[in-house]
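User: I would like a close look at a single part of this model. Please keep it brisk.

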Amino acid sequence: MCSDPDKMMSKGDKLTKLTLTRWSADWKGATELYEQAAIGFRASKKLEKAKVAFEKASQGQQMLSSPWDAAKHMESAGAIAKDLRNWNEVADFYRKASELYIECGRAQPASDAIGKAARALEETKPEDAIQLYADACDILEEDGREQMAFDLYRACANLYIKLEKFMDAATFLLRLGVAADKCNATNSQCKAYLSAIIVYLYAHDLNQAEKCYNDCSQIDDFMKSDQSRCASRMLTAYNEGDIEEIKKVANSSTISNLDHTIIRLARKLPTGDVTALRANNAEEEELDENDLS
């Protein structure tokens, strides 16, 4: 057997081309050659060639009606594209891998593949990473596997916070709360709701924080929780303009059990002028009461 990856690739390409003497492509033989070439290139750190070989091996497995193996090779191509810092290709390869896993009826690896792309793109293409995280969550939600998506919801919310898109972050935390409710994961649900309230407060939106608290309080499990009591204390302190109490609640053990990103926001509370927030809140409430439409 030839051990030169370049020659293997060349031989594999010949096996897939139709000629006067070859009327059908030998995808089985070609795919085996592409796979061996990919491993050889990767071992010798010829990453660009390894990436091409894995992509061709994936195509070969698709032609052989083996989407699982095809997906694995696409993931390998994605990992190499990440090492090469070819960010556009990273998303493309992992998305293709995900589609192939879905073809196999495997939601978990399909979501995992997109999650890997999202993590790879967080620093360089955060907006794309957010979309990938959302898509990865969608795949698991559609398969009724919300519990497997908790880390993805958190990662997406954290990235929104990093981009200072606080309303979007809170929305995603509430989405985590709804998913946790479906799984009877009460602790995760209550943490998600308290986290959303903290994000609203950090963004100087006392009105939205109170609306969020009131909505979440319709849920018995939240109403009976430490997280609900913590949120209530925090909102009362805001409405009373009690900065010391706000800081005290922000340093409580209930908040210390949240995600690090949320803890960091809470420790900075109150942001902005609490008196002005209270005034704005009172004004908005008065407008709501006068709205007869």
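How many residues does helix 6 have, and what does it reach from its first C-alpha to its last? Which residues of helix 6 are buried, and what do they pack against?

Analyst: Keep in mind that this is a predicted model. Helix 6 covers residues 107–121 and has 15 residues. From first C-alpha to last, helix 6 reaches 21 Å. That is close to the 21 Å expected at 1.5 Å a residue.

Now its surroundings. Of the 15 residues in helix 6, 12 are buried, so the rest of the structure largely encloses this helix. At the start of helix 6, the buried residues include A107, Q108, P109, A110 and S111. Also buried are A113, I114, G115, A117, A118, A120 and L121. The buried residues pack against four partners: helix 4 (67–83), helix 5 (87–103), helix 7 (126–142) and helix 8 (150–162).

Helix 8 leads on to the aromatic rings. The whole structure holds 6 aromatic pairs. One of them joins Y153 and F172, with 5.9 Å centre to centre and 55° between the planes, a tilted pair. Y153 sits in helix 8 and F172 in helix 9 (residues 166–182), 19 residues apart, so to speak of distant parts of the chain being linked is apt here. Both Y153 and F172 are buried. Together with Y160, they form one aromatic cluster.

A further pair involves helix 9. The ring centres of F166 and Y202 lie 5.3 Å apart with planes at 65°, so this pair is edge-to-face. F166 belongs to helix 9 and Y202 to helix 10 (residues 186–202), 36 residues apart. F166 is buried, at 15% relative accessible area. Y202 is buried too, at 18%.

Conventions: Residues are numbered from 1 along each chain as its sequence is written. This is a predicted model: local features need pLDDT of at least 70, side-chain atom pairs count only at pLDDT 80 or more; totals for chains, interfaces and linings use all residues. Side-chain values use heavy atoms; hydrogens and water are left out. Helices (H or I, at least four residues) and strands (E, at least two) are DSSP runs, numbered from the N terminus. The expected span of a helix is 1.5 Å times one less than its number of residues. Buried means under 20% relative accessible area, exposed over 50%, partly exposed in between (1.4 Å probe, protein chains only). Contact means heavy atoms within 4.5 Å. Rings of Phe, Tyr and Trp (its six-membered ring) pair if their centres lie within 6.5 Å; planes under 30 degrees apart count as stacked, over 60 as edge-to-face and the rest as tilted.
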